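User: I'm new to this one. Can you walk me through it?

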Amino acid sequence: MATTKLSLLNSIRDFSKTHQRVPHLLVSSTGFCCKSISSSQGHGGSSPLVVLTNAFKEGEIVVSDGAEIENLETTPSSSKHVLVIGGTGGVGQLVAASLLSKKIRSRLLVRDPPKAKSLFGEQDEEILEIWKGDTRNPDDLVPEIFEGVTHVICCTGTTAFPSKRWEGDNSPERVDWEGVRNLVSVLPPTLKRFVLVSSVGVTKCNELPWSIMNLFGVLKFKKMGEDFVCNSGVPFTIIRAGRLTDGPYTSYDLNTLLKATAGQRRAVLLGQGDKLTGEVSRLVVAEACIQALDIKCTEGQIYEINSVEGDGPGKDSKCWSELFGAVQTQ
Ligand SMILES: NC(=O)c1ccc[n+]([C@@H]2O[C@H](COP(=O)([O-])OP(=O)(O)OC[C@H]3O[C@@H](n4cnc5c(N)ncnc54)[C@H](OP(=O)(O)O)[C@@H]3O)[C@@H](O)[C@H]2O)c1
């Protein structure tokens with residue numbers, strides 16, 4: 001089988017595999033449950049979603065090439081063209097890989113195209129395009145970037161504390177505030193959804209322990225970015241992640257040093273009102289972003305997300321829909 005190496009992409013296979021282990025229970029923060037009957041609702045055994053070698057070997061996975069990636073989920077989503085900002089980062093890589101595996105057209109806006117190319121290999125430009133751009137620089141955000149784009153997922157970020165990744169003035173203020181503001185300011189009016197990955201704790205940045213995380217303003221600037229999105233008139237969904245677990249570990253900050261492992265952290269907890277404080281698998285965050293694009297009730301909403309041990313919704317849109325719907329009725 002021809003294979004394409006995707007460096008630093010992690011464990012999509014495990015996520016899909018979990019999903020195929022049916023039936024399973026999903027438990028949300030409300031204790032809400034739903035049964036997933038995934039193999040009859042999307043990708044059955046005869047249509048492999050992705051074929052990956054060993055997951056959770058940090059730093060590398062192998063995914064089958066485009067010709068091998070056939071699944072039923074692509075059909076209803078085929079009209080989507082998703083712009084991913086931060087596609088070379090931890091969550092962003094997983095978003096991009098998942099879109100690729102579903103054959104959803106995507107365009108990555110990255111600061112370092114060779115890095116993106118080495119991550120994703122040679123791909124058909126009809127499916128995956130790589131464009132160069134830095135959100136701090138309004139001149140980079142030319143209208144052509146948004147041509148044909150129907151949805152945007154923004155996974156940009158930098159470290160909470162000064163690090164090498166702040167070099168060149170890439171601080172939270174510049175990325176999480178100014179970058180998000182610059183991006184949102186030029187989104188086309190035709191856009192169907194803008195999904196922003198943010199953080200739990202942004203409304204509590206003056207309270208312990210959040211005030212420690214916020215020593216250099218990361219939560220404050222993320223909240224400013226969020227507020228700009230909410231007031232922009234753009235149809236949005238904000239996903240506030242808990243502390244991110246599982247690879248790839250591209251964020252060299254305190255969180256990374258702790259390096260919590262995902263294990264089987266697949267069950268999803270969603271909340272609203274900035275009350276959740278736990279951890280979340282990057283895979284789960286990536287999938288939540290993709291699923292939110294199509295779930296009507298997520299428009300104009302802000303969710304916190306954690307994941308805990310247990311089977312989760314995987315890529316099952318119906319289960320995600322129920323999870324998102326349930327949290328709003330609390
Ligand atoms: N770490 C945690 O525990 C935690 C908790 C809650 C929320 N979050 C947030 O969740 C999000 C995703 O986290 P992650 O760990 O996946 O992030 P990450 O690995 O640090 O990736 C960040 C991405 O943003 C890109 N980026 C940075 N500055 C940019 C700029 N000026 N213009 C364009 N792209 C830029 C990076 O590109 P390069 O590859 O060029 O650097 C990279 O692709 C971030 O917003 C993060 O702050 C993290």
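Analyst: We can go from the overall make-up to the core, the ligand and a few single residues.

Analyst: This is a predicted model, where local features need pLDDT of at least 70, side-chain atom pairs count only at pLDDT 80 or more, and totals for chains, interfaces and linings use all residues. Residues are numbered from 1 along each chain as its sequence is written.

User: How many helices and strands does the protein have?

Analyst: Ten helices and 14 strands. Both are DSSP runs numbered from the N terminus, helices being H or I with at least four residues and strands E with at least two.

User: And what share of the residues is buried?

Analyst: Of the 330 residues, 50% count as buried. A residue is buried if 20 or more other C-beta atoms lie within 10 Å of its own, exposed if 12 or fewer, and partly exposed in between, with C-beta atoms placed from the backbone.

User: Which residues have the most contacts inside the largest nonpolar core?

Analyst: They are V95, C154, I239, V285, C289 and I305, in a core of 74 residues. Helix α9, residues 282–292, gives the most to this core, with eight residues. A nonpolar core here is a set of buried Ala, Val, Leu, Ile, Met, Phe, Trp, Tyr and Cys residues joined through C-beta atoms within 7 Å.

User: What does I239 touch?

Analyst: Leaving aside neighbours within four places in sequence, the contacts of I239 include V285, A288, C289, Y303 and I305. Contact means that the two C-beta atoms, placed from the backbone, lie within 7 Å.

User: Which residue is the bridge partner of I239 in β14?

Analyst: Y303. Strand β10 (residues 236–241) and β14 run parallel and are joined by five bridges; two strands pair if DSSP finds at least two bridges between them.

User: What about β12 and β14, parallel or antiparallel?

Analyst: Antiparallel, again with five bridges. V268 stands opposite S307 in β14.

User: How many residues of β14 are buried?

Analyst: Six of the eight residues in β14 (301–308) are buried, so the strand is mostly covered.

User: Switching to the ligand. How many residues surround the ligand?

Analyst: 27, and the closest are G86, G89, G90, V91 and G157. A residue is near the ligand if its C-beta atom, placed from the backbone, lies within 6 Å of it.

User: Which element gives the largest share of that shell?

Analyst: α3, with three residues. By class, the shell has seven nonpolar, 15 polar and five charged residues. Ala, Val, Leu, Ile, Met, Phe, Trp, Tyr, Cys and Pro count as nonpolar, Asp, Glu, Lys and Arg as charged, and the others, Gly among them, as polar.

User: Now L128. Why does L128 count as buried?

Analyst: Because L128 has 25 other C-beta atoms within 10 Å. L128 is in strand β7, residues 128–132. Not counting residues up to four places away in sequence, L128 touches L100, S106, F120 and Q123.

User: Any backbone oddities to look at?

Analyst: The peptide bond from L208 to P209 is cis, with omega near 0°. P209 sits in the loop between β9 and α6 (210–213).

User: Which residue in the loop between α3 and β6 should I find?

Analyst: K103. Phi of K103 is near 55°, a positive value in a residue other than glycine. K103 counts as buried because 20 C-beta neighbours lie inside 10 Å.

User: And D274, where is D274?

Analyst: D274 is in the loop between β12 (267–271) and β13 (279–281). D274 has a positive phi of about 60° although it is not a glycine. With 17 C-beta neighbours inside 10 Å, D274 counts as partly exposed.
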